[in-house]
Amino acid sequence: MTTDQIVQWLWLFLLAVAPLFLWLGWRRVTTANRLRFFLLRRRRAATGWRLILVGVVLLFAAVAVFRFGRAAAYVLVPPTPSITPSPTVTATSTTTQSPTITLTPRISLTPSLTPTPTSSVTPSLPERLLVFFQETVTPRPEVLFSPILVAERLTPGNLAVDPQEEFDQPPPILYGAFSYDNLDNGVRWTALWYFGDEILCYESKPWDGGTGGYGYTECSPLGGWQVGEYEVQMFAGTQWRVSARFTVTSLRPTATPSGTPPPG
């Protein structure tokens with residue numbers, strides 16, 4: 001069970017128990033007047049007011065856990081970040097081909113084509129988005145993001161439910177879930193959803209989720225999903241941090257009207 005789930009169950013438990021104490025206390029206070037003896041009436045009334053006080057305290061505790069429990073839990077038990085994947089390394093050939101036939105000294109063969117290794121390009125932000133970067137908060141070098149997991153649904157703690165790399169007839173909206181650490185509030189973070197060279201969705205705003213935990217980005221293309229390959233890129237400041245790729249293999253069938261139209 002994750003830290004977010006423990007905090008959620010705790011405030012739900014407090015919220016459920018508080019009304020029980022309030023109800024028991026009110027019952028004792030209202031039934032105290034039915035007793036014949038003064039001491040018994042006072043004792044039962046005092047017990048009832050104590051139960052009401054406990055219920056009020058539990059109610060305030062539930063609100064406090066809901067508002068501040070997650071941040072306090074991350075201070076006491078910092079989340080362990082997952083390993084951030086490094087950019088794809090371009091494979092280089094380790095085998096050198098050499099001719100097996102020796103020609104006469106008067107003729108020397110010169111290869112007409114020289115193979116050149118393919119260079120891997122680090123993702124960068126489009127220039128049209130750089131105008132939004134007016135913040136003065138610079139991300140720390142030790143900022144960490146886990147691999148992005150693309151899924152159709154999330155848990156209440158922002159964890160991906162059944163993440164996939166291929167989607168058959170995806171719903172209108174998909175989520176990219178991730179964990180993070182050492183990310184300061186105020187640092188601008190950006191998530192870009194690409195289909196080829198086209199940006200389908202993007203989010204770019206100052207971070208406000210605390211230094212560690214679980215987050216997500218989402219995308220719902222205006223024209224719907226198309227069959228093909230997609231890529232999600234995430235940036236802290238202007239620096240690329242992590243990417244994820246997924247494929248849409250087929251689309252949801254479009255409903256067609258059935259029946260014969262009425263005569264005009």
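So, which residue in strand 11 does Met234 stand opposite? Have a look at the structure while I talk. The answer is Val242. And before I go on, please keep in mind that this is a predicted model.

Okay, let's zoom out from that pair. Strand 10 covers residues 228-236 and strand 11 covers residues 239-250, and 9 bridges join the two. They run antiparallel. Both belong to an open sheet of 5 strands, and if you walk across that sheet, the order is 5-11-10-7-8. The pairing is mixed. At the edges you'll find strand 5, residues 166-168, and strand 8, residues 198-206, and each of those pairs on one side only. On average, neighbouring strands here are turned by 20° against each other, if you ignore direction.

Now, the greasy bits. Which residues touch the most other members of the largest nonpolar core? That would be Phe145, Trp193, Met234 and Phe246, out of 25 residues in that core. So yes, our Met234 is back. Strands 6, 7, 10 and 11 each supply at least two residues of this core. There's also a second, separate core of 9 residues, and Leu14, Leu58, Ala62 and Ala73 are included in that one.

Let me stay with Phe246 for a moment. Leaving out residues up to four places away in sequence, Phe246 touches quite a list, including Val150, Phe167, Leu174, Trp193, Trp225, Tyr230 and Val232. Charged residues show up too: Glu165 and Glu229 are among its contacts.

Speaking of glutamates, here's one in strand 10: Glu231. Is Glu231 buried or exposed? Glu231 counts as buried, because its relative accessibility is 17% and the cut-off for buried is under 20%. Not counting residues up to four places away in sequence, Glu231 touches Leu192, Trp193 and Tyr194, plus Ser243, Ala244 and Arg245.

Last stop: the disulfide. A disulfide is a covalent bond between the sulfur atoms of two cysteines. Searching the whole structure turns up 1 of them. The partners are Cys201 and Cys219, with their sulfur atoms 2.1 Å apart. Cys201 sits in strand 8 and Cys219 in strand 9, 18 residues apart, and the pair links distant parts of the chain. The link is right-handed, with 70° about the S-S bond. Both ends are tucked away: Cys201 is buried at 11% relative accessible area, and Cys219 is buried at 1%.

That's my tour, thanks for listening!

Methods. Residues numbered from 1 in each chain as written. Predicted model: local features only at pLDDT ≥ 70, side-chain atom pairs only at ≥ 80, totals over all residues. Heavy atoms only, no water. Pairing = 2+ DSSP bridges. Helix = DSSP H or I, 4+ residues; strand = E, 2+ residues; numbered from the N terminus. Axes fitted to C-alpha atoms, helices over the stretch in contact; angles between N-to-C directions. Core = buried A, V, L, I, M, F, W, Y, C linked by side-chain atoms within 4.5 Å. Buried < 20%, exposed > 50% of the residue type's maximum accessible area, 1.4 Å probe, protein only. Contact = heavy atoms within 4.5 Å. Disulfide = S-S within 2.5 Å.
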